[in-house]
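User: Hi! Could you walk me through a few features of this protein, with the reasoning behind each one?

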Amino acid sequence: MSVLRWGCGAGGLGRVLRSCGRRGLPAEEGTLGVGLGPRRSSSASPREQDLRKDWGHAELLEVLEARVRQLQAESVSEVTVNKVDVARLPESGGGGGSFQPPRKAQVGAKGAAPQPSGRWAEKLDKEKQTLQKRKQQLEMKLQVQAQRLSQKLKPKPLKMEPQLVRRQLADSLQCWAQGTPESPSEEQLAQALQKVPQKLSPKEEQALADREVEAQLTGQQQKLLAFFECCLLTDNLRLAHHVLVAHHGNPHKQQLLTLAMYNTIMLGWARQGSFKELVYVFIMVKDAGFSPDLLSYAAALQCMGRLDQHARTIQRCLEQMAQDGLQLQDLFTAVPLSEEERAALLRAIVKVQPTFSPPPRSPPQVNTSVLLREIYAKDGPVSYPKLHLPLKTLQGLFQQQLHMELTTSVYVESVEKAAVLTKEVMHARKTLKNLRVQWEAALHRALQETKASLARQAHKGRPTLYPFMCLLSEREFVQLLMQALPAQGESLVCVAQELGRRAFSRHMVQKQQLNNQVQALEQRYTQYLHLLASDTQVAEPHLPRQYWEALGPPEVPQEKSFPLPVLLQLGRQLAEVLVQAVQMPRSPASPPGSCGLIPVLYHVYSFRSFRQIGILKPHPAYMQLLATAAEPTLTFETVDVPMLCPPLPWTSPHSGAFLLSPTKLMRSVEGTTQHQQLLECCPPAELHGALDTLTQLGNCAWRVNGHVLDLVLELFRDKGCSRLGVPPPPSEAPRPPEGRLPRDTPPAQKAELRRELARCLKVAREMHSLRTDALYRLSLAQHLRHRIFWLPHNMDFRGRTYPCPPHFNHLGSDLARALLEFAEGRPLGPHGLDWLKIHLVNLTGLKKRESLRARLAFANEVMEDILDSADQPLAGRKWWMEADEPWQALACCMEIARAVRTPDPATYISHLPVHQDGSCNGLQHYAALGRDSVGAASVNLMPLDLPQDVYSGVAAQVEVFRRQDADQGLQVAQVLEGFINRKVVKQTVMTVVYGVTRYGGRLQIEKRLREFSDFPQDLLWEASNYLVRQVFNSLQEMFSSTRAIQHWLTESARLISQAGSAVEWVTPLGIPVIQPYHQEAKFMVKGGIQSITCSKAWDSSQKPNTQKQKNGFPPNFIHSLDSSHMMLTALHCYRSMPLCCRKGLTFVSVHDCFWTHAADIAIMNQVCREQFVRLHSQPILQDLSAFLVKRFCSSPR
């Protein structure tokens, strides 16, 4: 068929061009395919209009040809039927013109086709000839355009040889490139490289110094460096070299290049053994005025070692390295290299210096902290607790976890009430299934076209997203996008950031699989399990980190995540593909093809808090289809789910926790790098205390409390129970008023109606958020009901520890904690049952100021209620529901009931965690720091007969002040009579040591006063303002040294931040801390469906935020002491000391709340007190002062 018959739209032209162009390799192999993306506009350009006109003429020509053939057939019939006249036809263009007399057809030779005759035939022939000419002209025109476009789109050869500025280098390079490796031109090149670069002008020297010294790259430089690094990750090294050459040859763009960028490309060529290309980059380094560093020479020597290069060339490289003042030994100590790279580097050096040997690996460093001396001492017998599982079971669990991380996703059945499988539901699920098949195909095509377009731009020397789009295959990107398809409106920024992060994480998992790192991990982990398994022994007891390090060399640091702007740009590109490719019928119930297609996602704008943001909003038809289908499956990322085997021990800031998925040791806002830089610069031994604590916390095995889960699910699937923390379903949300108001409605009533509508919407959103959170938690609990699992931990910048899985852990609410119990049980022993009873009374909150003996007696008095709660939790007297922590109280009631019904309660195997909570922990640390005996007594740091309750003490002191003011006639003091209690002041007292301001404290107290139905609402502001002043005055009297220490910390932070630095310090266990509060800076990611503007307050290149720095220093410093105390307690609980008759015990924490088995509470209490005393026996404030003076004062006094 003719090209002209391929269609009359833009799609036809696309097919023509694709057919004329040369077919290329698949896009994932780094070559270009020719293709045009979908048109976004319905308007046509003038050229398109001309082509459409020509195509219309071509169609008319075909119609006329068909009419001629019809007439020819009629002429044949006319000849056959003897002398039958042909009917007269009107002339072209005339409706009522004259008719010619009929003519008889001329019969020619046998077999010849009869020809029409008459004026109409002549006109037809004439028009046919005219259109035939146009047809030929159009074909020629299209052929020329296709050839031109094909030449234009044909990938040009990538530039390898650079364009140099320095003439001497350029001439030498040209001679070297044209000669052989052993030719004299190599000598000239070596001499040119060894010569000192020509004298730069003062302006150029200053610019070069700025480029070398500047620690923070600009946004453009970050993107360019990330482009080069990603090209190495995705085997697009030639493309990266081409872009580097293009930038180096452009004087303006060359200013963006840094030595790290050149080194990145050199390292890529070194790994491939491409010496010629590496020399090109090395020359560009010299040409740009940079001095090669250790990484530059490591790449060059590594390449020579792989190629077995001539000794003379290697010798010149070493001589040049010496001239630059670099030491050969530093190549093996200061440059991160894999074992293969070290071997290639050593092979090159030994060829020139046969006696050279790399410096031996430094022996494992030992932490020398006074507080940790006992932990790492080898002066006595020591042992560590093992897991309760045998080796074979642990190996099977490892294989399950490995498979889960390789698949990167976990599918969990939802615990929502199952929908009845009606015909409507089945049809909706079938429709969704068919649509998803179509969407996957459409996304695959769209991704291929996008990659081809980006590749063409990259071949022009532009650093595009092409290598980032090669991180995963199209099939894997499609899977990622299908999982990210939002069921409700979501911010484009959030969607883009999550897509970018997931793409990088999945690539890292794949890379380890391709590099055979998974097999090495499997072998090493199997050996590591011998330390943990219950049925194996090791020659010498070690901490898990120490044993893992002894099994092999340290891991090479993983690639760092890309900068946030790059992740956002990649995520936005993927989101744009999702918006454009995913479509569905306007009416899903109609047969396929019977109605038009509509986008499933719309990009709209909305105002939130007076800011306009872009939102990806699903079409109501899609949302209705999802609601009707009620699919029973939830999808989670692997890192969002607890592990099925013990986590990897933390051995460095970049290695630990999950098997394959990258995890940060120090969690921070995405894009923050200052914390990681501090950790990398810190001596490894200084972090051993934190690393070993995180490993120990992660090694605690958990299981689900099935009895509690069943009761929670019963309420969750019914209508929920807000009082018990079970969120109700959306159907229980308040309904806004219906109907329209009359026209004469007063404005005040209309305003009230608007406020009521806003309140209903706010409550509905909150209910949906809480319901979703509970759905995730309960679905994961049900999924893990009959399994043992582990919670890997990391820490924040202050050293406070957190579980990595966000949805199901022991740091959640009362309900979340009640669902968990230790997988390993311990016999209660002689005192375990008593501690269970005391723990239950603590959970009720009824005996705060009573002794432990009195609490135990109270538990025995209410034993009947305890047993009734355990036997009939939802149908009995429901005593447990009145507790402060009802679900944990119920779990404890069930545990006590099972224990007391055992013939010998001391032998009962208990799995329930028992808690020991701190008494206003922040005030405890302030009292200890200031040696404040009065304050210490208020927070139970002094031996007393009865436990003290600081909140009740503050409330009593506030009441004294109130009574004095009331006697003097102050109205607000008189109104507050009878309303001051422990609950009103508790939150403010608790948070004042963590930096709460008077404004924040007033809001806290106002919230509590609102709960009194008989309190005058018009006096809320005045009363809360009065009370917050009295609370601060009471604390000033009760804790005299606390305010003085806070003031010193605040003033120190103010002076440091005003001098232009962020506040830093080191915790007593050696963890470096820096506060991430800086002036807010904005960056924009332009292009695409929306330009994204983000604010960042963590950019260390910006000035510190003085207000946040000084307000944050006191609470953050106390948090760091709190975490240090927890870590000391954890490490000493884990270590068994036979000489002291102390065995290792299970220990986990929720910040200042420590958990263990009931039988081990006494031991944990002893360790907790001992370590608190040891911590505050150190000169903490003096050490802090000395550090601040040394770090921030130029001339210490």
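**A sheet and a helix pair**

Analyst: Happy to! Let's start with one pair in a sheet: L601 stands opposite P618 in β6. Keep in mind that this is a predicted model.

User: Which residue stands opposite V604 in β6?

Analyst: V604 belongs to strand β5, which covers residues 601–608. Strands β5 and β6 pair in the antiparallel sense over eight bridges. The residue of β6 that stands opposite V604 is I615.

User: And what is the bridge partner of S491 in β6?

Analyst: S491 lies in strand β2, residues 490–491. This strand pairs with β6 (residues 611–618) in the antiparallel sense, over two bridges. The partner of S491 in β6 is I615.

User: In what order do the three strands form the open sheet?

Analyst: β6 pairs with β2, and β6 also pairs with β5. The sheet is open and its pairing is antiparallel. The order is β2-β6-β5.

User: Which strands stand at the edges of that sheet?

Analyst: Follow the order β2-β6-β5. An edge strand here has a single partner strand, so one side of it is left without a neighbour in the sheet. The strands that fit are β2 and β5.

User: Now the helices, please. Is α43 oblique or parallel to α44?

Analyst: Helix α43 spans residues 1106–1134 and helix α44 residues 1161–1176. They pack at an angle of about 130 degrees, with their axes 9 Å apart. Because angles over 145 degrees count as roughly antiparallel and 65 to 115 as roughly perpendicular, this angle makes α43, relative to α44, oblique.

User: How many charged residues does the contact of α43 with α44 have?

Analyst: From α43, the residues that meet α44 include L1121, H1125 and L1128. On the α44 side, M1164, F1172 and R1174 are among them. By class, the contact has eight nonpolar and six polar residues, and the number of charged ones is one.

User: Is the crossing of α43 past α44 left-handed or right-handed?

Analyst: The two helices pack with their axes 9 Å apart. As α43 passes α44, the crossing is right-handed.

User: Last one: what percentage of the residues in the whole protein is buried?

Analyst: The secondary structure comes to 45 helices and 23 strands. A residue counts as buried when its relative accessible area is under 20%. Of the 1197 residues in the protein, the buried share is 49%.

Notes
Residues numbered from 1 in each chain as written. Predicted model: local features only at pLDDT ≥ 70, side-chain atom pairs only at ≥ 80, totals over all residues. Heavy atoms only, no water. Axes fitted to C-alpha atoms, helices over the stretch in contact; angles between N-to-C directions. Helix = DSSP H or I, 4+ residues; strand = E, 2+ residues; numbered from the N terminus. Parallel < 35°, antiparallel > 145°, perpendicular 65-115°, else oblique. Left-handed = near helix turned anticlockwise from the far one by under 90°. Contact = heavy atoms within 4.5 Å. Nonpolar A, V, L, I, M, F, W, Y, C, P; charged D, E, K, R; others polar. Pairing = 2+ DSSP bridges. Buried < 20%, exposed > 50% of the residue type's maximum accessible area, 1.4 Å probe, protein only.
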